[in-house]
Amino acid sequence: MNCEEALPLMHEYLDGSAEDLEAAQLKRHLLQCPECNRIFRELEMTDALVKSCPKISAPSGFTDRIMQNLPVRPKRQSWFGWVKRHPAVSVASVFLLVMLGSFLSMWSQDQELTVKGSNLDQLVIENNTVYLPKGHRVQGNLMVRGGDVQVDGEIDGNLVVVDGKYHTASTANISGKIYSINLAAEWLVYQVKEILSPAAQ
Ligand SMILES: [Zn+2]
C-alpha cells in the first residue's frame, strides 16, 4: 500500500467502514510510514474529539437576533442567492457556464498516455495508440490510460482502458475481462452532484 491509498482508507477505518483486509494493510503501512502515521494520529484525535462533543445548538432566537443586528445588505442579488431561487435554471447554467470551462481545461491538460503491464516490450506505441500485434502476448493485466488500444494479440489477464477507446481484432485473445473506464465522465458527474447539493436544499 502507498500513501495515496492509505489516506482515504484512514477515513474509512475511523468511520468503521473499512474491510478487515484493508484495515490490516493500513496498519502495516502506518507502521512503516511516519508521515501517514502522523496524519492518522491527528485524524484519530479529531475524530475522538468530535464524537465526544455533545451536539451544540444555539439558544432559540439567537440566529434571528444576529441577523437583525447585521447591517442591511445592498440590493444587488448575489449569484448564489439567484441560483437558490431558480433551482431548475441553475442546473443548466451552473453546469454550462461554470463547470464546462474548467472541466475541459482540466482534462485536456491531463491527457498523458500511461501504460502499465509486465512485459511492455510486446507493445507498439505510436502517437496516442497502444498496439498489441498478432502473435504478441502480454502476461498479466494491461492498463492503458489516456490513449487508445488496438489488440490483435493475446493478453493473459484483464485489459483496463481508462479515458480511451479500445478495439479488438478477430485474432485477439483476452483471457480476463475488459474494463473501460471514463474518468472524465465520472469526475463530471461527481462535480455536478457537488454543485447541485447546496441549491437543492
Ligand atoms: Zn504513507
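Buried residues are those under 20% relative accessible area, exposed ones are over 50%, and partly exposed ones fall in between (1.4 Å probe, protein chains only). The model examined here is predicted, so local features need pLDDT of at least 70 and side-chain atom pairs count only at pLDDT 80 or more, while totals for chains, interfaces and linings use all residues. Residues are numbered from 1 along each chain as its sequence is written, and side-chain values use heavy atoms, with hydrogens and water left out.

The protein chain contains seven helices and 11 strands. Helices (H or I, at least four residues) and strands (E, at least two) are DSSP runs, numbered from the N terminus. Of the 201 residues in the chain, 24% are buried. Contacts are defined by heavy atoms within 4.5 Å. Among contacts between residues at least 6 apart in sequence, 28% join residues at least 24 apart. The accessible surface of the chain is about 14,400 Å², and carbon and sulfur atoms account for 57% of this. Accessible areas come from the Shrake-Rupley method with a 1.4 Å probe; for residues, only the protein chains shown count as cover.

The zinc ion has four protein donors: Cys3 (SG), His29 (NE2), Cys33 (SG) and Cys36 (SG). These lie 2.0 to 2.3 Å from the ion. Donors are N, O and S atoms within 2.8 Å of the metal (3.2 Å for Na, K and Ca); water is not among the atoms, so sites may look incomplete. The site is tetrahedral, with angles of 100 to 116 degrees among the four donor atoms. For four donors, that label requires all angles to lie between 85 and 135 degrees. The donor residues follow the spacing C-x25-H-x3-C-x2-C. Cys3 belongs to helix H1 (residues 3-15) and His29 to helix H2 (residues 20-32), so this pair ties together parts that are 26 residues apart in sequence. Cys3 is partly exposed, at 40% relative accessibility. His29 is buried, at 6%.

Strand S8 (159-162) is covered on both faces. Leu159 and Val161 are buried on one side, and Val160 and Val162 on the other. Two strands pair if DSSP finds at least two bridges between them. S8 pairs with S5 in the parallel sense over four bridges, and Met143 has Val160 as its bridge partner. S8 also pairs with strand S11 (residues 178-181), again parallel and over four bridges. Here Val161 stands opposite Ser180. Val161 has a relative accessible area of 0%. Beyond four places in sequence, Val161 touches Val144, Gly147, Val149, Tyr166, Tyr179, Ser180 and Ile181.

A further sheet is open and has three strands in the order S4-S7-S10, with parallel pairing. Strand S4 (137-139) and strand S10 (173-174) stand at its edges with a single partner strand each, so one side of each lacks a neighbour in the sheet. Three bridges join S4 to strand S7 (residues 154-156). One bridge partnership links Gln139 with Asp156.

The largest nonpolar core has 13 residues. Such a core is a set of buried Ala, Val, Leu, Ile, Met, Phe, Trp, Tyr and Cys residues joined through side-chain atoms within 4.5 Å. Leu123, Leu142, Val151, Ile155 and Leu159 touch the most other members. Strands S3 (129-132), S5 (142-145), S6 (148-151) and S8 each give two or more residues to this core. Apart from it lies another core of 10 residues, including Leu14, Leu26, Leu30 and Phe40.

Notes
Tetrahedral: all angles 85-135°; square planar, octahedral: opposite > 155°, others 65-115°.
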